[in-house]
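Colleague: I would like a close look at a single part of this model, with enough of its surroundings to place it.

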Amino acid sequence: MKLNVNGRAYEVDVDDDQPLLWVLRDHLGLTGTKFGCGVAQCGACTVHVNGAARRSCVLPIGELAGASVTTIEALAMPSGEPDRSSDRVALGAHGLHAVQEAWLAENVPQCGYCQAGQIMTTVALLAANPTPDDDDIDSALSANLCRCGTYPRIRRAVHRAAEALRKK
Amino acid sequence: MMERRAFLQLGLAAGGAFVVGCALGPTGSTTWRHYHRTGEFQPNAWIRILPSGAIVFTLDRVEMGQGTTTSHAMLVAEELEVDPRKLQIELAEASRVYDNRDKQIAIQITGGSTSTASSWQPLRDAGAVAREMLRAGAAARWGVPVAECVAHDGTITHARSGRSASYGELAGDAAAQDVPHVRLKEPREFRWIGTSLDRLDLRPKIDGSGIYGIDVQLPGMVTAVIARPPVPGARLASFDERAARARRGVVDVVRLGEAIAVLAVGYWEARRGADDLRATWTGGQPVDTGELHASFARLLDRPGTKVARDVGDARAIAPTIDAIYSVPYLAHATMEPQNATAVIYRSGPTDRCEVWAPTQTAGIARFRVAEAIGFDLEDVAIHTTLIGGGFGRRGLVDYAVEAARVAQRAGRPVKVVWSREDDLEHDWYRPMAVSRLRGSVRPGAITSWRHQLVCQSILADEGGDFAGALVPDATPRAARRVLSDSIPRAFARGMMLDSTAVEGSADLPYAIPNLRVEHTPVEAPVQVGFWRSVGHSHNGFVTEAFFDELAHAAGLDPVAARRALLARAPRHLAVLELAAEKAGWGSPLPPGVGRGVAVHASFKSYCAHVIEASVEGKRVRVHRVVSAVDCGRVVNPQLVVQQIESAVIFALSAALYQRITHRAGRVQETNFGSYRALRMFECPVIETHIVPSSEEPTGIGEPGVPPVAPALVNAIFAATGRRIRTLPIVEAL
């Protein structure tokens, strides 16, 4: 099975029904994408497939031939990112994607476990809608659970990132 | 033995310092020997200054979101005179030197909202001792008076001679000094404490590099998925081992009592292999939550078996209101499912076991792992990792014990990973609690209060873990086992009062002349455990909701009624007044919106919430939560605000939606679809106000939880006239 992840080609030897999440974590060693529920209810496993936010825990690898996958590890890669959102990448003061920079500025993470998923969802949201209002944020991010209760800060960080990207 | 740092790079930190004996003693000889062996200046168990100049801080209270990385680095840095952002932070492995200074839980544990209070003194001492040894070392090197050597930003300077040296350069000089007695800074001298320094653990949590327990990788490691009995006490009847072994990627199948572990190259292969087993179980306890609730409620017709408080004669006064309140079993549902990684090394003179676990208590993990695999304590090492949410669940160590047992049986490194279903079906639940409250009023006054509580004892389930880990390491194995087996029985049978059951009720702050609190402990085949705020989580709800009922019955405003009875509870009163003022208590609200208040003290801190809510059909909308908190002196205000936001959202999830239900012994809520948690679209505005204080620091992780549910049901009453006495609210509407 051939796969393109973060701009690199991989070949993995797994059954076609294995979800992308476990290919990333157990076979490619990319553990930044998290396991939370296994049934697309919590969003911790969110990655980009051809630029769209997808729940990798329910995405069989057999359906991904020719697709390009981006994970949290490659979000700030300055070049070589095949992801459609790459044209919006703005590396900030910490050498990170504007969304990650906003997460730092708002001190969003507590335990941090859900944040890769929150960030990947936000990047996809801002690629599709550069000026989201609170309702847009609710629609996009209510599928991502956080048990520590970082929602108020996530909301502020999304607005901050949107503004930073608009100024770019 | 494998060198752990060769293969494990935590995003936040390496696998933990090797700890020399804590040198906070009369001489610096241990420190000197350590310097000669390693080139490091290690004055105590928390600080190491490396030849490279790096200053390493070993964090002994785990980071699970509550911010210890930042607050504790600030405590050390304040006295060490360094910028906390320049510390290299490592996570401590299991060692008795890291026992919690809170005497009730003097084991290596992060819990009970004790982290700041218990580290406040020792970490500042640790920083001050290191600083004074560095100053003395510099003075000796330069032949100048110590008093003229100034520590600032990682450098010792002697102004008169124009000399200066970094801490790294002075490591050898400092290591040769006696360990001094130190004077700690006065608060007015604080440079870092009291500031909202940005969290120090942000970067690995936003770029995918942080290593949580579930991310640990060891060479040759396989992943295990365990098929567990679905009903408490059920016996394994049949399973198809051959089918599992035939699955691509499966490498082994190991039986563990009534459970079976399937080992494979990855989680998915192991999970499918476990499905292939088609395991069946028989017997067990067919627990039914409804029947259990009815049996608890029947006990309320009789007086409680334990009296936790008795003032005046509450039993002699006819009640104005006689009400039953109920709260359900609750799961923790941490975002990171339970997991642990273990390896047994057989190459040395004795076998050794190393475990990596996202645990709140390396101390209990070491004891339970050693016991389970028949090792001595000194042959078990526990490494902690970043933790994807704790809330008390990681105070249990069942996942670590499983990993060690499977690794021992399979003879290879193993990571055990639970599914979300495993996590919700095999939790140690917040106890279901049924309360009867009787209260009397006359116009303008509350005259009598009686609370009878029926619930299981948490210490009947968890007390053995604590007893076994509290005793000294040298305690013979058999004695440790007797102790850890007998303590739970004493609580289960009610021979000892489990204070965690009545906390938040027995200490009701209101000056009511007749006041009685009774507990009837019961046994039930549902395992229970500590859940963020423990007994306060239900007692805070029932006491503050029932107080509201009595206030209305007496014709009193809810804030005024509380104020009148808190004259001798000034810190309760202060948070109540602050929350009420900031919320605009008494000001008009839009139609359909009600305002409710609650105040509650827990973990030595005080918290009040005012909540604005409305009800549309079966849907509750929480618009705004205004909080006031007094947790003594604040190390980092931003972390306090975050913990209140966290507590509010965590407690709203439980109050509105959550309950664990058993039917025929099986848990009915098996994933986030049926065990709902608050989501972004329903998250209220949360405003947090901190009462300035110069008291000793107290808890902050939990105290925000208890007053949420009562403030919310009180707001719903104000909005609709409906009293809700049973949680979760959506079930009661």
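Colleague: Which residue takes a positive phi just after helix 2 of chain B?

Modeller: The residue is Gly39(B), which in this predicted model has a phi of about 80° and comes just after helix 2 of chain B. The helix that precedes Gly39(B) spans residues 29-38, and within that stretch Thr31(B), His34(B) and Tyr35(B) are buried. These three cover an arc of only 105° around the axis, which puts them on the same side of helix 2 of chain B. An α-helix has 3.6 residues a turn, so residues three or four places apart point the same way. On the other side of helix 2 of chain B, by contrast, His36(B) and Arg37(B) are exposed. What the buried residues of helix 2 pack against is helix 5 of chain B, at residues 171-175.

To set this helix in its chain, chain B has 21 helices and 26 strands, and its radius of gyration is 27 Å, close to the 27 Å that the globule rule gives for 733 residues, so chain B is as compact as a globular protein of that length. The C-alpha atoms of chain B fill a box of roughly 80 × 75 × 50 Å along the principal axes, and buried residues make up 59% of the 733 residues. Among the contacts in chain B with a separation of 6 or more, 77% are between residues 24 or more positions apart.

Another part of chain B that can be described in similar detail is an open sheet of four strands, which has the order 21-22-23-26 and mixed pairing. Strand 21 (594-602) and strand 26 (685-690) of chain B stand at the edges, each with a single partner strand, so one side of each is left without a neighbour in the sheet. From one strand to the next the twist averages 20°. Strand 22 (residues 605-616) and strand 23 (residues 619-630) of chain B run antiparallel and are joined by 11 bridges, and Val615(B) stands opposite Val620(B) in strand 23 of chain B. Helix 20 of chain B, residues 708-720, packs on this sheet and touches strand 21, strand 22 and strand 23 of chain B, while its direction makes about 160° with that of strand 21 of chain B.

Finally, there is the partner chain: the contact takes 45 residues from chain A and 46 residues from chain B. The side of chain A that touches chain B has 24 nonpolar, 16 polar and five charged residues.

Methods: Residues are numbered from 1 along each chain as its sequence is written. Chains are lettered from A and ligands numbered from 1 in the order in which they are written. This is a predicted model: local features need pLDDT of at least 70, side-chain atom pairs count only at pLDDT 80 or more; totals for chains, interfaces and linings use all residues. Helices (H or I, at least four residues) and strands (E, at least two) are DSSP runs, numbered from the N terminus. The radius of gyration is taken over C-alpha atoms; the globule rule is 2.2 Å times the number of residues to the power 0.38. A residue is buried if 20 or more other C-beta atoms lie within 10 Å of its own, exposed if 12 or fewer, and partly exposed in between; C-beta atoms are placed from the backbone. Two residues are in contact if their C-beta atoms, placed from the backbone, lie within 7 Å. Ala, Val, Leu, Ile, Met, Phe, Trp, Tyr, Cys and Pro count as nonpolar, Asp, Glu, Lys and Arg as charged, and the others, Gly among them, as polar. Two strands pair if DSSP finds at least two bridges between them. Axes are lines fitted to C-alpha atoms, for helices over the stretch in contact, and angles run from 0 to 180 degrees between N-to-C directions. The arc is that of the directions from the helix axis to the C-beta atoms.
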